[in-house]
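User: I would like to learn how to read charged side-chain pairs and pockets in a model of this kind. Could you take me through them step by step?

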Amino acid sequence: MTKDVIIYISGLQYMEGANHSEAEPIEIVVGGQYFKKDEKHYLIYDEMMDGPENKTRNIMKFDSNKMELNKKGLVNVQMVFEENKKNLSYYRTSYGMLNMGVAATRIKIDEQEDTIGVLVDYALDMNESYVADCTIALTIRAKG
């Protein structure tokens, strides 16, 4: 896999009591940097929120058992996804801070020569109240 990549990110949230077939994904496509060190995969990419002056730097580290996502900028949070374990963190936004819980039920990685697929299913809670069941799907492809 090359260092310069295109990252396709799709996220779904299934709210309690909602029909799962009505859930619409939130999708973004961004350029980023990829490398692998000591059997761990690393992604670095910027997310633009309300214009280029409001970017958030994302650093993601993952392997077959765990994914960590650190966001710094307009939004600040460290999210840790580990199968069958709930991890707590603080989610800092311009509106204030929330206590966030992430309980991953599945982490799946499919690594090919020029493509890596990552799928994470998890339950999300805010301030100790269940919010939704969620899915993050990543496809990382070599640029060019």
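User: Is Glu68 buried or exposed?

Analyst: In this predicted model, Glu68 has a relative accessibility of 14% and therefore counts as buried, since the cut-off for that class is under 20%. Its salt-bridge partner is Lys61, with the closest N and O atoms 3.8 Å apart, and Lys61, at 27% relative accessibility, counts as partly exposed.

User: Which parts does the salt bridge between Lys40 and Asp63 tie together?

Analyst: Side chains of opposite charge can pair when their charged atoms come close. Here the side chains of Lys40 and Asp63 meet at 2.8 Å, N to O; because Lys40 lies in strand β3 and Asp63 in the loop between β4 and β5, the pair joins parts that are 23 residues apart in sequence. Lys40 is partly exposed at 28% relative accessibility, whereas Asp63 is buried at 15%.

User: How many salt bridges are there by this rule?

Analyst: The count comes to 11, including the one between Glu82 and Lys85 at 3.5 Å, N to O, and Lys36, Glu39 and Glu111 are linked in a network of salt bridges.

User: What is the volume of the largest pocket, and which residues are the closest to its centre?

Analyst: The largest pocket has a volume of about 710 Å³, and of the 25 residues that line it, Gln13, Ile26, Lys71, Tyr122 and Ile136 are the closest to its centre. By class, its lining has 18 nonpolar, four polar and three charged residues, and β1 supplies the largest share, five residues.

Methods:
Residues are numbered from 1 along each chain as its sequence is written. This is a predicted model: local features need pLDDT of at least 70, side-chain atom pairs count only at pLDDT 80 or more; totals for chains, interfaces and linings use all residues. Side-chain values use heavy atoms; hydrogens and water are left out. On a 1 Å grid over the protein atoms alone, a cavity is a set of points where a 1.4 Å probe fits but cannot get out, and a pocket is an open set with protein on both sides within 12 Å along at least five of seven lines; lining residues have an atom within 4 Å of a point. Grid points are joined across faces, edges and corners, and a volume is the space filled by probe spheres set on the points. Helices (H or I, at least four residues) and strands (E, at least two) are DSSP runs, numbered from the N terminus. Ala, Val, Leu, Ile, Met, Phe, Trp, Tyr, Cys and Pro count as nonpolar, Asp, Glu, Lys and Arg as charged, and the others, Gly among them, as polar. A salt bridge is a side-chain nitrogen of Lys or Arg within 4 Å of a carboxyl oxygen of Asp or Glu. Buried means under 20% relative accessible area, exposed over 50%, partly exposed in between (1.4 Å probe, protein chains only).
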